[in-house]
Amino acid sequence: MKVQNFALLAVTAGLLAACGGSNKIVEPSDLNEQRAFFAFDSSVITEEARDNLLGQSLYMKNHKDTKIQIAGNCDERGTTEYNLALGARRANAAKAVMVKDGVDSKRISTISYGKERPWKLGSGEEVWKWNRNSTTTVK
């Protein structure tokens, strides 16, 4: 009976390893211009954005003297005031992921540029999706 239990545990462990063996957290070689992207009119961190930010967090943990600024950005739709507020929420949401992961909040400043500094120029969803981001730069 014990051999059967051991075999069952071994099969279960193998299945779990096969399902969850891919680690999406990758430490970037440089933090400058790292971007986490957001959905329209949202500051909710997606799984992909979280993985990106946790990679940035890993960099920060391995480079203890590094300080960064996270800028919140928006697409061209909406008023200047609305987009400045949304950009601030995006920057703060990105910072919160890194702080929750153990990075000292004093090492991360935030700023909002709203729609004033688009990464890509033009109109339409194919352009707007790139401008809804938080952008990290080393200070």
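Which residue in β3 is the bridge partner of Q69? In this predicted model, that partner is S109, and the close-up views below begin with the sheet to which both strands belong.

**View 1. The sheet of the predicted model is open and has four strands in the order β1-β4-β2-β3.** The pairing within this sheet is mixed, and its edge strands are β1 and β3, each of which pairs on one side only. Taken on average and with direction ignored, neighbouring strands are turned by 20° against each other. Strands β2 and β3 contribute a parallel pairing over six bridges, to which the Q69 and S109 pair belongs as a bridge between partners.

**View 2. Strand β4 pairs with β1 and with β2, in both cases in the antiparallel sense.** Strand β1, which spans residues 34–37, is joined to β4 by four bridges, and R35 has T135 as its bridge partner in β4. The pairing of β4 with β2, the strand of residues 68–73, extends over five bridges, and here G72 stands opposite S134 of β4. Strand β4 itself, residues 133–138, is mostly covered, with five of its six residues buried.

**View 3. Helices α2 and α3 both pack against strands of the sheet.** Helix α2 lies across β1, β2, β3 and β4, and runs at about 150° to β1. Helix α3 touches β2, β3 and β4 as it packs on the sheet, and its direction makes about 155° with that of β3.

**View 4. The largest nonpolar core holds 17 residues.** The members that touch the most others are I45, L53, M60, I68, I70, M98 and I108. At least two residues of this core come from each of α2, β2 and α3, and α3 gives the most, with five residues. In a close-up centred on M98, and leaving aside its neighbours within four places in sequence, the contacts of M98 are L53, Q56, S57, M60, I68, I70, V103 and I108. As a broader background to this view, nonpolar side chains in soluble globular proteins tend to be buried together.

**View 5. K61 and D101 form a salt bridge, in which the closest N and O atoms are 2.9 Å apart.** K61 lies in helix α2 (residues 47–62), whereas D101 lies in the loop between α3 (80–100) and β3 (108–114), so the pair ties together parts that are 40 residues apart in sequence. With a relative accessibility of 31%, K61 counts as partly exposed, and D101, at 28%, likewise counts as partly exposed. A search of the whole structure finds eight salt bridges, and the K61 and D101 pair is one of the salt bridges shown in these views.

**View 6. R132 forms salt bridges with both D75 and E125.** The side chains of D75 and R132 meet at 3.3 Å, N to O, and this pair links distant parts of the chain, since D75 is in the loop between β2 and α3 and R132 is in the loop between α4 (125–131) and β4, 57 residues apart. Both D75 and R132 are buried, the relative accessible area of R132 being 6%. In the salt bridge between E125 and R132 the closest N and O atoms are 2.7 Å apart, and E125, at 37% relative accessibility, counts as partly exposed. Through salt bridges that share partners, D75, R77, E125 and R132 are joined into one network.

How values were computed:
Residues are numbered from 1 along each chain as its sequence is written. This is a predicted model: local features need pLDDT of at least 70, side-chain atom pairs count only at pLDDT 80 or more; totals for chains, interfaces and linings use all residues. Side-chain values use heavy atoms; hydrogens and water are left out. Buried means under 20% relative accessible area, exposed over 50%, partly exposed in between (1.4 Å probe, protein chains only). Two strands pair if DSSP finds at least two bridges between them. A salt bridge is a side-chain nitrogen of Lys or Arg within 4 Å of a carboxyl oxygen of Asp or Glu. A nonpolar core is a set of buried Ala, Val, Leu, Ile, Met, Phe, Trp, Tyr and Cys residues joined through side-chain atoms within 4.5 Å. Contact means heavy atoms within 4.5 Å. Axes are lines fitted to C-alpha atoms, for helices over the stretch in contact, and angles run from 0 to 180 degrees between N-to-C directions.
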